[in-house]
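The following exercises practise the reading of a protein model. Work through each task before consulting its solution.

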Amino acid sequence: MMTSVVAFVGAALLIAMVPGPSTVVILRRTVVNGRRTGMATVVGNECGVLLWGLAAAFGLSALLLASQVAYDVIRIVGAAVLVWMGARALWQAGRPGPVADGVPGGTAAVSLRRAYRQGLVTNFANPKAGVFAVSFLPQFVPDGAPALPTLLALSVIWAVVDLIWYLPLVWLAGRVAGVLQRQSVRRRMDQVSGALLVGLGVRLATES
């Protein structure tokens, strides 16, 4: 059992290190609004991870493998969310004067609840996370172990490992936020993050 847990932690860490939409959203939110807001986004993202893990444990995300319609619905919704966030960042980058989240002349206040919701939606609107969960988690259930309790425990471990990975990223982004808040740098950051989000959204929408 312990060998399986250690292997699972290593695999989950490697998965967390692969950059994706969540990484872009978390880093941008941290730079724009500070570490507390960035951490709220991380917590929302981890709740999305946990929800996909729980769905896999109870067999719900298996529907994404069995039903092309269910997969396509979540895929298109997720793609629309990513494109909308990316387009908004690009729009902000093109506005005259220092702009943050649509408010000229400074950094707009973003509630922790909104940041949490953004992290949650970004993660949970990605159907590939569900497909991955249902194919990834069961591989680490030891022979003879009760399936449901073990899958639930692995889901929690997965979310915790993901959280541990993002903690230093948020801390580092907070450290360099002063430099990144400069108008020219902020515009470039908005352009890059916006283009990445739009690109990820388009890629998700066009994937079969």
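A residue is called buried under 20% relative accessible area, exposed over 50%, and partly exposed in between (1.4 Å probe, protein chains only). The model is predicted, so local features need pLDDT of at least 70 and side-chain atom pairs count only at pLDDT 80 or more, while totals for chains, interfaces and linings use all residues. Residues are numbered from 1 along each chain as its sequence is written, and side-chain values use heavy atoms, with hydrogens and water left out.

**Exercise 1. The overall plan**

Task: State how many helices and strands there are in the protein, and give their pattern along the sequence.

Solution. Step 1: helices (H or I, at least four residues) and strands (E, at least two) are DSSP runs, numbered from the N terminus. Step 2: the protein has 10 helices and two strands. Step 3: along the sequence, the pattern reads α-α-α-α-α-β-β-α-α-α-α-α. Step 4: the protein has 208 residues, and 41% of them count as buried.

**Exercise 2. Classifying residues**

Task: Decide whether Gln139, Val156 and Ser193 are each buried, partly exposed or exposed.

Solution. Step 1: Gln139 is found in the loop between α7 (127–136) and α8 (147–175). Gln139 counts as exposed because its relative accessibility is 61%. Step 2: Val156 belongs to helix α8. Its relative accessibility is 44%, so Val156 counts as partly exposed. Step 3: Ser193 sits in helix α10 (residues 183–206). With 6% relative accessibility, Ser193 counts as buried.

**Exercise 3. Sequence and space**

Task: For Gln139 and Leu151, Val156 and Val49, and Ser193 and Val24, set the separation along the chain beside the C-alpha distance.

Solution. Step 1: Gln139 and Leu151 are 12 residues apart along the chain, and their C-alpha atoms are separated by 9.9 Å. Step 2: Val156 and Val49 are 107 residues apart in sequence, with 8.8 Å from C-alpha to C-alpha. Step 3: between Ser193 and Val24 there is a separation of 169 residues along the chain, and the C-alpha atoms are 6.4 Å apart.

**Exercise 4. Helix packing**

Task: Describe how α2 is arranged relative to α3 and to α6.

Solution. Step 1: two packed helices are described by the angle between their axes and the distance between the axes. Axes are lines fitted to C-alpha atoms, for helices over the stretch in contact, and angles run from 0 to 180 degrees between N-to-C directions.

Step 2: the axes of α2 (residues 21–33) and α3 (residues 35–57) cross at roughly 160° and come within 6 Å. Therefore α2 is roughly antiparallel to α3. Angles under 35 degrees count as roughly parallel, over 145 as roughly antiparallel, 65 to 115 as roughly perpendicular and the rest as oblique.

Step 3: α2 and α6 (residues 112–124) pack at about 165°, their axes being 9 Å apart. Therefore α2 is also roughly antiparallel to α6.

**Exercise 5. A residue in α5**

Task: Locate Ala87, classify its exposure and give its C-alpha distance to Gln191.

Solution. Step 1: Ala87 lies in helix α5, which covers residues 68–93. Step 2: Ala87 counts as partly exposed because its relative accessibility is 36%. Step 3: Ala87 and Gln191 are 104 residues apart in sequence, and 9.3 Å separates them in space, C-alpha to C-alpha.
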